Amino acid sequence: MSINHNKRRTARNWLTVFKSGPQRLPLVLQLVGLIIVVALLTGSVVGYVLTNTSRNALRQDALEANLAHAQLAAQFASNYITAVQAHIRVFASRPDVHQAVLANTPEKLQPTLAQFVEIQTALTGSAIYDVKGIQLVHSTAGVTTIGQSFADRDYYQQVMATRQPYLGAPTLSRATGSATMAYAVPIFDDSGQIHSILTGGISLAAFSSAITSVDYGKETRITMIDTRAGGSIIADNNPELLLTQPSANNPAVQQLLADKSGSIEFADDAGSAKLVGFTAVPGFPWGVLVTTPQNVALATVNTLNQQAGLYTSVIVLCAALFGALWMIGLTRPIIRLRDTSLKVAAGDFSQRVRLKQRDEIGELGLAFDHMAQELSDKDTILRSHALDLEKRISERTVELKEAQVHLQTLFNHQETILAAVPDIIMEVDNNKVYTWANQAGLDFFGDDVVGREASYYFEGEQETYQAVKPVFNGTAGTIYVESWQRRKDGQKRLLAWYCRSLHDSEGKIFGALSAATDITERKLAEEEVHNMNTVLEERVRGRTAALQAANNELESFSYSVSHDLRAPLRGIDGWSQALMEEADAKLNATEKQYLKRVRSETQRLGELIEALLQLARISRAQLNKQTLNLSVLTEKILGGLKEKYPDRNVAILIQPGLTADADATLLEVALTNLLDNAWKFSGTREHARIEFGTLEQDQKRVYYVRDNGVGFDMHYIDKLFGAFQRLHKTAEFPGHGIGLATVQRIVHLHGGSIWAEAQVNSGATFYFTL
Amino acid sequence: MEHKAILLVEDNPSDIDLTRRALSKSHVVNELQVVEDGQEAVNILFGNGNTPALKELPAVVLLDLKLPRVDGLEVLRRIRAHERTKLLPVVILTSSKAEQDVIQSYQLGANSYIQKPVDFNQFVEAIKNLGLYWLVLNEPPPLK
């Protein structure tokens, strides 16, 4: 039930969201609008392209026609003027005219001139001038200009300069007041000099009407201009414009003045568009313009435009109408789909669209109905799941309660254990504030310990915080620290702490658990031991110093012994010898023997002193260990003995390659003593034998020196290594009893031991380790 | 040929006489000059107030180590420190065979170290060898 309720609420939320979005026109209107826009755009584009094409074509045609008309008019004007000029030239060379002129009776020609002007209708008048420009006669009788000078006229000056006929610039005739162009022809005398000038004034009115009388097209106007001196109109449909200046803004006029031909479209001073063709008149300083208003030339196209507009409107209207009907049909199932989906979204899963169409929208409807069916099925399943879940939750709740009871039991159990532990166990948060304590903790610090900071209980400056830093920043797991703390009875106690960081479920440190033991007594005991040790060490130092002093004393004593005891001995020996030498004759054999005794005893004492000194030296010697080849050393010592006693026959057996880490000097002394003994005590043997070798004993290497000499009684073994101890009589085997003591010293100095085995008359073996 | 003297520095009269006897037994004819302590040795070598220095340096100095006043090692040190005597042959002739003495003597520039043997015959032998070596075989340094 609750799940269904949630779903409805979600759907409603979604609708709210949708409706709060920006408002738009209904789908139907949007689609109809689209169709109208498309139809309008298409119609306009097609119409525009069509009219524009025909308009351009027409315009081009009109321009070309105007140019052709201009060329025709130019040709016509050229022919017209050429013909008039020819007529004037012919008239000038008429014999009667020529004769009268040369006879200086031009006034007789007045009627002839009048007749000529009457025949040639293009002329307004004709006159004859002398070479100074003075008018002599005029076609019109009685004019006031006779006798006046026309020397300022360009036709007069040009003819006089070039001796050629010349067409003057258009101007108002002085004689008739009408617009004319003077055509001047020279009349030569028999010697070829200019005698007079005949002029004919060509009427611009006549010329203009001849040119404009042709039909150049509807509302088409023709204008001819003289291009000299900024231009002036010499022919136009409007005769009033003759001799006026053409519009300077007309680009066609500007082009003509620049002696160009062609056709262009331009806007005149009033702003209306004109199509104009223009060209120069061949052989004359003139140009022709044929001008048609643009709207006249393109009138057909404008009509076409209007018709196209009408058709477009009709098409758009029809499109809108049909489009609307079609769209309504098209959107109806979509609207139904929307309404149904809103109902489904609101939770009514029984709603279906049931569209019968067989197009994409129909498929969409089917898919929607299918989806709605699925939703309805899922809803049913969900409800059953919800029921199942509720049941499981209630079951789990029961289980949880049981687990809680179990946990509580466990917790109580742990509490009991923690309370029973004699060690103090405390928990602190990251600010070192105690958050929990076991019974031992409460007993030590007091019942109010929880909530207090650890430092509250510190006795004096403690480095505890510094020491436990790694526990709180996670760089160490457990830290041991000792610190002096105040017990609740005020006593200062030393606690040994083991601190360990506490982590929450995300692994973050939230405090530390510390266990402490009161080690005050132990510490005191340790300190006492330490103090005693210090006292002992001091005592040892004192003794050592005393020993050192004694040693030094002994050393200087030895030195004195060495020096001072030997000096008198040398004296005794020396003087005994002197006596023996000086008193040789006076002494008998016994007395000589006595003196010999004195000397031998003296020497024995000397040797004894030497051996004692050696023993003393060895006792104080510093070991300088190195790897020695003992076999080679033994061989060398025995070699020396063989040399010294060449009569002896001794078999020598040396185990080769025996090495040891030992002091070279000391070991040579030790081996020399042992081998000397072996040599000495085997002296009575016919087949003496001396061995040097090793054997393994208790995993230690044992060296031995063995002889087959007289040996000794093991009964006296403990006297063997004592100084001045002898087991043999001096007479038999001389010696001072210090050799083996010296050997033992040396072996002991190397950290080894020495012992011997012997039997009387069966030889002796000395063993030593190093 | 003139023989240079031998300077013996020795305090024990017995040893002085024994040395004299040993030298004569070895047929050494050089004069034996004897001084009985270190200070006297220094005086005779370098001169001091009353005592003038020897005009001619001895061929060799036989020097005991254990001497009254100034000991033998000190005498040796002064001989070697002095420009005039630094090349003078010095033979240590002493009863001591202590390693320390031997090393120190050689370090201070002794030319020889001989331990006086107890046996007089050996002593004579040693003096004989010594005389032979230092007075006959050895080419002495050029000393004034």
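**Salt bridges and cavities**

Trainee: What relative accessible area does Asp448(A) have?
Mentor: Buried means under 20% relative accessible area, exposed over 50%, and partly exposed in between (1.4 Å probe, protein chains only). Asp448(A) is classed as partly exposed, because its relative accessible area is 43%.

Trainee: What kind of model is this?
Mentor: Residues are numbered from 1 along each chain as its sequence is written, while chains are lettered from A and ligands numbered from 1 in the order in which they are written. Side-chain values use heavy atoms, with hydrogens and water left out; local features need pLDDT of at least 70, side-chain atom pairs count only at pLDDT 80 or more, totals for chains, interfaces and linings use all residues, and the model is predicted.

Trainee: Which side chain meets that of Asp448(A) in a salt bridge?
Mentor: A salt bridge needs a side-chain nitrogen of Lys or Arg within 4 Å of a carboxyl oxygen of Asp or Glu. Here the N to O distance is 2.8 Å. The partner is partly exposed, with a relative accessible area of 27%. The partner is Arg452(A).

Trainee: How many salt bridges are there over all chains?
Mentor: The N to O rule is applied to every chain. The count comes to 32.

Trainee: In which helix do Arg392(A) and Asp388(A) both lie?
Mentor: Helices are DSSP runs (H or I, at least four residues), strands are E runs of at least two, and both are numbered from the N terminus. Arg392(A) and Asp388(A) form a salt bridge, with the closest N and O atoms 3.7 Å apart. Arg392(A) is partly exposed at 48% relative accessibility, and Asp388(A) is partly exposed at 36%. They sit 4 residues apart, about one turn, in α10 (residues 360-420) of chain A.

Trainee: Which residue forms a salt bridge with Glu581(A)?
Mentor: The closest N and O atoms are 2.6 Å apart. The pair crosses between chains, from α13 (residues 520-582) of chain A to α1 (residues 13-25) of chain B. Glu581(A) is partly exposed at 30%, and its partner is partly exposed at 34%. That partner is Lys25(B).

Trainee: Which residue of chain A is linked with Glu10(B), Asp15(B), Asp64(B) and Lys116(B) in a network of salt bridges?
Mentor: Four members of this network belong to chain B: Glu10(B), Asp15(B), Asp64(B) and Lys116(B). The chain A member is Arg570(A).

Trainee: What volume does the largest cavity have?
Mentor: On a 1 Å grid over the protein atoms alone, a cavity is a set of points where a 1.4 Å probe fits but cannot get out; lining residues have an atom within 4 Å of a point. Points join across faces, edges and corners, and volume is the space filled by probe spheres set on them. The structure holds 3 cavities of 30 Å³ or more. The largest has a volume of about 220 Å³.

Trainee: Which element gives the most to the lining of the largest cavity?
Mentor: Among the residues closest to the centre of this cavity are Tyr129(A) and Tyr155(A). Elements giving two or more lining residues include β5 (179-188) and β6 (194-203) of chain A. The top contributor, with 5 residues, is β1(A).

Trainee: How many nonpolar residues line the second largest cavity?
Mentor: Ala, Val, Leu, Ile, Met, Phe, Trp, Tyr, Cys and Pro count as nonpolar, Asp, Glu, Lys and Arg as charged, and the others, Gly among them, as polar. The cavity has a volume of about 170 Å³. α12(A) gives the most to its lining, with 4 residues. By class the lining has 1 charged, 4 polar and, for nonpolar, 12.

Definitions and conventions: On a 1 Å grid over the protein atoms alone, a cavity is a set of points where a 1.4 Å probe fits but cannot get out, and a pocket is an open set with protein on both sides within 12 Å along at least five of seven lines; lining residues have an atom within 4 Å of a point.
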